[in-house]
Amino acid sequence: MPTPTTEALHVPAELPVLPLRRSVLFPLTLQPLAVDRPVSIESINRALTADRMLFLTMQQADTDDPQPADLHRIGAVGVIRQMVKAPSGGVHIIVEGLARAAGDPITREGLQMTARLKAMPEEREQSIEVDAYVRSLRELIDRAMNIASGLSQELRGIVMNIEDPLRLAYLLGSLLDMKAEDKQRLLEEDRLLVKLQAVAGVLNREIALLELKGKIESQAQQAMTQAQRQYYLRQQLKAIQEELGEKEGAEIAELRERVEKAGLPEHVATVATREVDRLERMTPASPEYQMIRTYLDWILEVPWTTTTTDRLDPVEARRVLDEDHYDLDKVKERIVEYLAVRKLKGDMKGPILCFVGAPGVGKTSLGQSIARAMNRKFVRISLGGVRDEAEIRGHRRTYIGALPGRIIQALKQAGSANPVFMLDEIDKMSVGFQGDPAAALLEVLDPAQNNTFRDHYLEVNFDLSRVLFIATANQLGPVHPALLDRMEVISLAGYTEEEKLHIARRYLIPRQLSEHGLPTGALDVPDETLRAIIGQYTREAGVRNLERQIGTLARKVAARVATEGAAPSPDAASKDTPAGAPAAESKEGAERAAEAAEGAGRPAEGGPAALQVTPTRIEPGNLHEYLGPPRIHGEVAFRTSRPGVATGVAWTETGGDVLFVEATLLPGGKGNLTLTGQLGNVMQESARAAVSHIRANAKELGIDPAFLDGHDLHVHVPAGAIPKDGPSAGVTIATAILSAIRKQPVLQDVAMTGEITLSGLVLPVGGIREKALAAKRHGIRTFLLPERNQPDLSELPEEVRNTMTFIPASTIEDVLRVALPAPVPIS
């Protein structure tokens with residue numbers, strides 16, 4: 001039966017506290033301690049002036065200035081047996097643990113930490129299980145002593161002579177490699193049998209580790225002996241080959257020949273020859289042999305001097321660009337200018353361009369067209385998610401499995417030293433603990449430095465000045481400022497409906513017909529149908545979703561053709577055409593099919609399989625049979641039909657979009673303002689500035705100031721799950737608030753943008769082109785913008801300028817005169 005210990009030691013009511021960091025003192029054991037913290041030295045001094053006794057307990061938090069809350073409540077009462085002052089100002093002491101105790105409470109005043117103690121007697125259980133564990137522990141210690149020669153042999157005698165199971169558990173607990181938390185749990189455990197079980201488990205683990213360590217050392221010794229034997233035999237074989245007059249190995253001879261014929265630059269050839277010489281002196285069994293062999297393969301496969309001949313005809317280049325892409329005149333003019341200068345001055349370095357625009361506007365495909373126009377190879381790497389500097393510069397050869405960075409790998413793939421090199425999604429890079437890839441790109445994209453680009457793996461200079469680098473991004477905000485400074489930024493805004501119509505007619509429809517195995521003219525899509533697809537099934541700045549919808553139409557037609565078979569003649573149109581989709585037998589349909597064929601660069605007759613297929617005409621009335629019900633509905637009129645709602649426009653990563661700002665008044669309030677809709681700090685400040693301006697100018701705006709003081713104001717910007725920020729919604733928020741106060745709806749076809757100040761000025765904002773295009777897509781006819789943004793209107797397509805009214809505003813009053821005419825006095 002377990003019986004509590006009747007300990008002779010009387011635990012004092014209070015003792016100084018010595019906090020222990022990552023250490024536990026067990027009763028019945030000795031422990032050396034190095035003490036240098038002021039609070040610990042103060043506790044030692046107080047103990048020395050009394051009975052040399054301390055309460056020692058472990059910290060829960062690793063802090064240099066522990067507080068009572070940082071300490072475990074259960075510790076050990078100990079007595080200082082020896083003390084030596086250290087030269088550094090601290091002290092070295094040897095403490096003997098006397099008994100377990102609990103400090104409750106532990107207090108601290110200045111440097112004096114004191115614990116009121118409560119004795120915690122420990123049980124000494126006399127049972128067969130306890131005796132069995134004691135015998136097992138002795139056997140384990142004896143086994144460990146036989147395995148590990150470095151252990152003191154005196155430990156065996158000490159363990160064998162200990163009769164007290166509790167003392168044995170604490171002694172082994174202090175000697176074994178246990179975590180501090182496990183030692184604390186061992187001290188706090190009341191049951192002797194559990195203490196012995198824990199110590200036995202740790203001791204078994206240590207023995208297993210010792211046995212494994214010995215096995216590994218034995219295997220390493222055997223492997224070393226085998227390697228030495230192989231080296232000796234290979235040296236003998238080499239000597240025999242020399243006596244027989246045999247030449248160097250065929251592999252080395254082949255490498256030397258490749259180095260000589262590769263036409264490497266002088267500094268590269270020198271490095272390659274040196275590595276071949278090193279390889280010759282090595283045995284193939286050496287780990288470094290294969291590393292050098294791989295390095296030489298990379299040296300010989302990188303296109304150091306291989307280039308393509310540029311097509312320096314600006315007229316032909318412009319023709320190729322126009323053939324591949326509609327509009328994008330600014331980019332095309334920049335490429336033509338570069339070629340013209342190259343034609344006049346042959347050693348001009350390649351420009352560093354950065355295309356910024358929404359997804360689907362043609363950034364990546366434009367790079368391919370530029371390469372085709374210049375007669376260069378095209379290579380692309382995606383930087384999205386890259387967070388390691390070695391992805392750009394490569395790993396050093398000291399690492400196992402090292403390779404060059406993506407720049408050199410892409411050049412090897414291109415097989416040319418002057419390709420058009422696209423760095424896709426440059427705004428999606430991030431910083432990791434391995435380094436900043438944007439910092440590594442600074443040298444790559446600097447024309448003054450990239451002629452001596454040095455990859456960590458190759459460790460020789462490579463000339464990147466002949467490469468035409470084109471970066472792409474959806475937004476410039478995340479791009480490193482120093483990196484942005486090295487690039488010429490060209491914005492690619494979204495397309496208007498008319499531009500999308502031309503792109504679909506000239507490029508998307510012919511491409512989808514070809515990809516789905518349909519002959520030219522198999523799909524007859526009138527302009528009205530394309531406009532319906534653009535307006536009712538897609539709402540985007542680019543044309544990616546538009547092409548996806550056209551692909552759906554092509555699949556439906558392909559399924560019909562494959563199921564019913566190709567039409568034997570035009571007379572079978574009524575048979576082969578599904579209900580609601582009559583055949584295009586008219587002159588208009590034939591002309592449209594011919595235009596599509598001409599845009600695709602192939603004749604109107606025949607096709608991938610030379611089928612004679614009756615054209616399927618898709619009308620707006622039966623479009624839902626192919627694409628389902630319309631997904632997008634005009635909501636501007638519905639949303640702004642009630643007071644307190646104003647239409648703003650916002651710039652987003654996908655181009656531009658409209659933004660509805662809602663405001664409502666809550667009677668019985670105190671003039672408080674509530675903002676919802678995941679608004680960022682800048683947007684919240686814009687809302688507060690708008691409210692402050694309205695309050696300060698209430699009388700001029702026809703509002704009784706007492707009316708505002710008696711109502712709370714709630715401003716909400718849907719959709720609530722999407723974060724929003726920026727100052728450009730300031731005038732929209734002010735207009736929505738005034739609309740709610742006046743109970744007067746904002747004109748339905750009016751949208752606005754601009755930052756508002758406390759004095760009511762309307763300041764300029766960015767993204768006017770994208771915002772205007774978004775307003776046009778949503779049916780907005782009147783667009784209010786800051787007066788200082790008027791020069792930006794010149795960048796808008798003529799179609800937008802001709803179909804929308806743009807009204808400049810310098811103050812909020814200018815906005816209100818248009819959006820909220822005929823003010824209604826509020827009292």
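This report describes the overall make-up of one chain, its largest cavity and the surroundings of two residues.

**The chain as a whole**

The structure is a predicted model, and its chain contains 29 helices and 26 strands. Of the 827 residues in the chain, 48% are buried. Among contacts in the chain with a separation of 6 or more, 74% are made between residues that lie 24 or more positions apart. The accessible surface of the chain amounts to about 40,100 Å², and carbon and sulfur atoms account for 52% of that surface.

**The largest cavity**

When the whole structure is searched, one cavity of 30 Å³ or more is found, and the largest cavity holds about 100 Å³ of space. Its lining is formed by 13 residues, of which L665, V691, R695, L708 and L713 are the closest to the centre of the cavity. By class, nine of the lining residues are nonpolar, three are polar and one is charged. At least two lining residues are supplied by each of four elements, namely α24 (681-696), α25 (705-709), β21 (711-716) and α26 (730-742), and the largest share, three residues, comes from α24.

**Two residues in their surroundings**

The table sets out the place and the relative accessible area of I299 and H778.

| Residue | Place | Relative accessible area |
|---|---|---|
| I299 | helix α9 (residues 287-301) | 0% |
| H778 | loop between α27 (768-777) and β25 (782-786) | 11% |

I299, which belongs to helix α9, is classed as buried because its relative accessible area is 0%, and the cut-off for that class is under 20%. Once neighbours within four places in sequence are left aside, the residues in contact with I299 are L264, V268, A272, W304, L458 and V460. One of these contacts, A272, is 27 residues away from I299 along the chain, and the C-alpha atoms of the two residues are separated by 7.2 Å.

H778, by contrast in its setting, is found in the loop that runs between α27 and β25. Its relative accessible area of 11% also falls under 20%, and H778 is therefore counted as buried. A polar atom of the H778 side chain lies 2.9 Å from the backbone oxygen of A774; this places the side chain of a loop residue beside the backbone of A774 at that distance.

Conventions
Residues numbered from 1 in each chain as written. Predicted model: local features only at pLDDT ≥ 70, side-chain atom pairs only at ≥ 80, totals over all residues. Heavy atoms only, no water. Buried < 20%, exposed > 50% of the residue type's maximum accessible area, 1.4 Å probe, protein only. Polar contact = N/O pair within 3.5 Å; in protein donor to acceptor, adjacent residues only side chain to side chain. 1 Å grid on protein atoms, 1.4 Å probe; cavity = no way out; pocket = protein on both sides within 12 Å on 5 of 7 lines; lining within 4 Å. Points joined across faces, edges and corners; volume = space filled by probe spheres on them. Nonpolar A, V, L, I, M, F, W, Y, C, P; charged D, E, K, R; others polar. Contact = heavy atoms within 4.5 Å. Areas by Shrake-Rupley, 256 points an atom, 1.4 Å probe, with all protein chains shown as cover.
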